[in-house]
Amino acid sequence: MVFLAAIACLVFSTLPVAAAPSDQTGSIIQVAFWNIRDFSTTTNRAADFPDIARIIHSNDCVAIAELNDKAALNRLCAELRKAGGKWKCAATSTKSGNTPNSKEYYGLVWRSDKLWKRTPVGILSEQTLVVSGDSQPYRFDREPAVCGFVTLDGRMDFTVMVVHV
């Protein structure tokens with residue numbers, strides 16, 4: 001499992017990180033990932049939504065893990081709109097995970113005044129990884145999710161891949 005986590009870090013470490021201007025204009029696209037523990041509307045999080053939106057707002061696209069109900073993603077998107085800009089959200093159609101306790105949705109929020117979602121949010125099929133010298137094969141407890149985006153000016157086309165290990 002340690003090997004798989006290193007792969008995920010390597011993929012995301014190649015993305016440049018730059019501070020986005022407060023008005024979200026310009027040519028910089030800032031992508032982030034946040035594992036919001038037990039993110040749902042059924043937990044005692046009502047007071048957290050404005051704070052979560054305030055933190056996310058400086059980004060253009062944020063992938064979210066541990067999404068336990070899609071209503072939480074819609075509420076977050078509404079809070080982001082209150083903070084300014086045009087925001088949309090989408091989640092995987094099914095939960096990912098190999099046990100009932102580990103199953104969760106992946107969600108994405110993005111600025112629709114900067115990005116267009118070009119593919120649906122989808123879960124990759126389960127894969128088994130065999131590492132030379134190890135007697136046991138490895139697999140993700142939760143399969144990764146992917147979603148494609150393109151900037152509205154068409155200058156950048158990218159795919160976000162998110163995995164909760």
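Let me start with Asp-157, which forms a salt bridge with Arg-118, the closest N and O atoms being 2.8 Å apart. Asp-157 is in strand 8 (residues 157-162), while Arg-118 is in the loop between strand 5 (115-117) and strand 6 (122-123), so this bridge ties together parts that are 39 residues apart in sequence. As for accessibility, Asp-157 has a relative accessible area of 47%, which makes it partly exposed. Arg-118, at 30%, also counts as partly exposed. Before I go on: what you see is a predicted model.

How many salt bridges does the structure hold? There are 8. I will go through two others one by one, and then mention a network.

One is in helix 2 (residues 48-56). There, Asp-51 and Arg-54 form a salt bridge, with 3.9 Å between the closest N and O atoms. That distance passes, because the cut-off for a salt bridge is 4 Å. Both residues lie in helix 2, 3 residues apart, about one turn of the helix. Arg-54 counts as exposed at 56% relative accessibility, and Asp-51 is partly exposed at 40%.

The other is in helix 3 (residues 70-83). The side chains of Glu-79 and Lys-82 meet there in a salt bridge, at 3.3 Å from N to O. These two are 3 residues apart in helix 3, so about one helical turn separates them. Is each partner buried or exposed? Lys-82 is exposed, with a relative accessible area of 66%. Glu-79 is at 15%, and therefore counts as buried, since the limit for buried is under 20%.

The network is elsewhere in the chain. Salt bridges link Glu-104, Asp-141 and Arg-142.

Back to Glu-79. Which residues does Glu-79 touch, leaving out those up to four places away in sequence? They are Phe-49, Pro-50 and Ala-53. Phe-49, Pro-50 and Ala-53 are among the residues of helix 2 that meet helix 3. So that brings me to the packing of these two helices.

Two packed helices are described by the angle between their axes and the distance between the axes. For helix 2 and helix 3, the axes come within 9 Å and cross at roughly 65°. The crossing is right-handed. On the helix 2 side, the residues in contact are Phe-49, Pro-50, Ile-52, Ala-53 and Ile-56. On the helix 3 side, they are Ala-72, Arg-75, Leu-76, Glu-79 and Leu-80. Sorted by class, this contact has 8 nonpolar residues, no polar ones and 2 charged ones.

Next, the aromatic rings. A search of the whole structure finds 3 aromatic pairs. Phe-39 and Phe-49 form one that is tilted, at 5.4 Å centre to centre and 35° between the planes. The term is tilted because 35° is neither under 30 degrees, for stacked, nor over 60, for edge-to-face. Phe-39 is in strand 1 (residues 31-39) and Phe-49 in helix 2, and this pair links parts of the chain 10 residues apart. Phe-39 and Phe-49 are both buried. Phe-49 thus appears in this ring pair and also in the contact of helix 2 with helix 3.

Another pair is Trp-110 with Phe-149. Their ring centres are 5.3 Å apart and the planes are at 65°, so this pair is edge-to-face. Trp-110 lies in strand 4 (residues 105-111) and Phe-149 in strand 7 (residues 145-151), so the pair ties together parts 39 residues apart in sequence. Both residues are buried. Ring pairs also bring in Phe-158, to give a cluster of Trp-110, Phe-149 and Phe-158.

I will finish on Phe-149. Its relative accessible area is 0%, so Phe-149 is buried. What does Phe-149 touch, apart from residues up to four places away in sequence? The list includes Cys-61, Leu-108, Leu-115, Trp-116, Met-156 and Val-160, as well as its ring partner Trp-110. Lys-117 is also on the list; the C-alpha atoms of Phe-149 and Lys-117 are separated by 4.5 Å, with their positions 32 residues apart along the chain. Phe-149 also touches Arg-118 and Asp-157, and those two residues form the salt bridge I began with.

Note on methods. Residues are numbered from 1 along each chain as its sequence is written. This is a predicted model: local features need pLDDT of at least 70, side-chain atom pairs count only at pLDDT 80 or more; totals for chains, interfaces and linings use all residues. Side-chain values use heavy atoms; hydrogens and water are left out. Rings of Phe, Tyr and Trp (its six-membered ring) pair if their centres lie within 6.5 Å; planes under 30 degrees apart count as stacked, over 60 as edge-to-face and the rest as tilted. Helices (H or I, at least four residues) and strands (E, at least two) are DSSP runs, numbered from the N terminus. Buried means under 20% relative accessible area, exposed over 50%, partly exposed in between (1.4 Å probe, protein chains only). Axes are lines fitted to C-alpha atoms, for helices over the stretch in contact, and angles run from 0 to 180 degrees between N-to-C directions. A crossing is left-handed if the near helix is turned anticlockwise from the far one by less than a right angle, and right-handed if clockwise. Contact means heavy atoms within 4.5 Å. Ala, Val, Leu, Ile, Met, Phe, Trp, Tyr, Cys and Pro count as nonpolar, Asp, Glu, Lys and Arg as charged, and the others, Gly among them, as polar.
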